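Biologist: I would like a close look at one helix in this model and at what it packs against. After that, please go on to the openings in the fold and to any backbone features that deserve a check.

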Amino acid sequence: LPAPVALQNSGADQALAGLVEIPAGRTRIGQSESDAKHLIEENPNSASTIGAQIGEYRADVQRFWIAPTEVTNEMYLRFVEDTGAMPPASWVQLDREQRLAIIEKLKEVKGPGAKLDAATLGEWWEENWQSGEYKWEVLPSEATMPVGYISHNDARDYCMWAGLRLPTEEEWVRAARGDENDRTFPMGDFDANLIAHDATKPRDLAYKALPVSALANASSYGIYDLSGNHWEWTDSRYEALPKFKPFNMKTKAGKVDVAPSFDAASFVLKGGSFMNPGYVCSIDIRVGIQPQFRAPILGFRVA
């Protein structure tokens with residue numbers, strides 16, 4: 001597993017410990033309108049998500065280094081212990097009495113239907129993690145799982161501490177696609193046995209995050225889990241690709257508008273997650289989220 005490294009010489013022309021060198025090259029960013037339309041016909045409810053990848057172009061990417069895995073809980077723990085940063089909400093250990101007490105307080109604010117689900121746990125933890133009332137830890141069984149509940153701001157803070165940075169969208173795609181610009185998934189063709197998503201095979205692994213590099217899904221450069229497991233933050237703004245123009249089209253569900261909510265204040269996430277269908281875990285899908293947002297399926301890797 002890669003460990004954080006402090007770069008003694010910024011931009012030094014040398015291999016960096018724990019990272020994989022990706023040579024300079026030209027890579028395809030995005031997808032053609034015709035291919036995207038075909039995918040929209042099959043998945044009309046995701047028209048805007050799919051449409052955001054339209055505007056195919058070629059990018060010249062300079063040589064860079066990237067981590068072969070997503071940042072894990074045990075890696076992020078070193079950062080938390082060293083800096084006093086907020087531990088991710090997934091680390092909090094609540095007993096039954098604590099959970100019931102928290103739910104009762106939530107009901108007072110949000111109404112009788114309030115529950116302590118993944119979203120409300122994250123919100124509650126942000127408000128209460130410094131109280132000292134609650135225990136948090138990284139369980140041994142969770143050590144090599146990708147860290148979740150990470151905002152773009154959290155990821156940047158980690159990178160600054162480690163002397164590293166987040167990859168750009170173009171670098172991320174280059175690491176995933178390699179020199180085969182017709183490749184849709186990092187490992188080649190789609191394979192439900194090799195992606196942690198909503199239909200992983202065998203079925204008892206579906207809808208579950210898995211330890212990093214647990215599946216033989218490496219790209220041609222040896223980079224794991226670029227499809228599925230956790231969404232990964234990049235340092236690129238969520239803007240339309242150069243050739244994109246909004247449009248509408250007919251599908252089996254009726255007429256749909258393909259007009260993604262691009263937002264230059266948001267950042268691009270890549271790779272899909274264990275909660276998403278397979279096509280969302282392709283190299284080209286891109287979504288944008290505000291930098292302060294946290295969720296259990298949001299993680300990152302360093303470059």
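Modeller: What follows starts with the helix, then turns to the openings and ends with the loops. The model is predicted.

The helix to look at is helix 3, which covers residues 73–83. Its buried residues are N73, M75, Y76, L77, F79 and V80. These buried residues pack against two elements, strand 6 (135–136) and helix 6 (152–162). Just past the end of helix 3 comes G84, whose phi is positive, at about 80 degrees.

The contact with helix 6 can be described residue by residue. On the side of helix 3, the residues involved are M75, Y76, R78, F79, D82 and T83. They meet D154, D157, Y158 and W161 of helix 6. Sorted by class, this contact between helix 3 and helix 6 holds five nonpolar residues, one polar residue and four charged residues. M75, Y76 and F79 thus appear twice, as buried residues of helix 3 and as residues that meet helix 6. As for geometry, the two helix axes come within 11 Å of each other and cross at roughly 80 degrees. Because of that crossing angle, helix 3 counts as roughly perpendicular to helix 6.

Next, the openings. The largest pocket has a volume of about 360 Å³. It is lined by 18 residues, and the ones closest to its centre are S90, E142, A209, H230 and P296. By class, the lining of the largest pocket is made up of eleven nonpolar, five polar and two charged residues.

Cavities are a separate matter. Searching the whole structure turns up two cavities of 30 Å³ or more. The second largest cavity has a volume of about 40 Å³. Its lining consists of M86, P88, A89, G122, W125, E126, Y149 and R294. Five of these lining residues are nonpolar, one is polar and two are charged.

Now the backbone. Most residues other than glycine have a negative phi, and most peptide bonds are trans. The loop between helix 7 (169–177) and strand 7 (231–238) is the place to check, starting with P202. K201 and P202 are joined by a cis peptide bond, with omega about 0 degrees. D225 lies in the loop between helix 7 and strand 7 as well. D225 is not a glycine, yet its phi is positive, near 60 degrees. D225 counts as buried because its relative accessibility is 3%, and the cut-off for buried is under 20%. N229 is also found in the loop between helix 7 and strand 7. Phi of N229 is near 70 degrees, again positive in a residue other than glycine. With a relative accessible area of 0%, N229 is buried.

One more loop residue is I285, between strand 10 (263–270) and strand 11 (286–289). I285 has 0% relative accessibility and therefore counts as buried. What does I285 touch, not counting residues up to four places away in sequence? The residues are T49, I50, Q53, W231, L269, K270, Y279 and V280. The C-alpha atom of I285 is also 9.4 Å from that of I54, a residue 231 places away along the chain.

Methods. Residues are numbered from 1 along each chain as its sequence is written. This is a predicted model: local features need pLDDT of at least 70, side-chain atom pairs count only at pLDDT 80 or more; totals for chains, interfaces and linings use all residues. Side-chain values use heavy atoms; hydrogens and water are left out. On a 1 Å grid over the protein atoms alone, a cavity is a set of points where a 1.4 Å probe fits but cannot get out, and a pocket is an open set with protein on both sides within 12 Å along at least five of seven lines; lining residues have an atom within 4 Å of a point. Grid points are joined across faces, edges and corners, and a volume is the space filled by probe spheres set on the points. Ala, Val, Leu, Ile, Met, Phe, Trp, Tyr, Cys and Pro count as nonpolar, Asp, Glu, Lys and Arg as charged, and the others, Gly among them, as polar. Buried means under 20% relative accessible area, exposed over 50%, partly exposed in between (1.4 Å probe, protein chains only). Helices (H or I, at least four residues) and strands (E, at least two) are DSSP runs, numbered from the N terminus. Contact means heavy atoms within 4.5 Å. Axes are lines fitted to C-alpha atoms, for helices over the stretch in contact, and angles run from 0 to 180 degrees between N-to-C directions. Angles under 35 degrees count as roughly parallel, over 145 as roughly antiparallel, 65 to 115 as roughly perpendicular and the rest as oblique.
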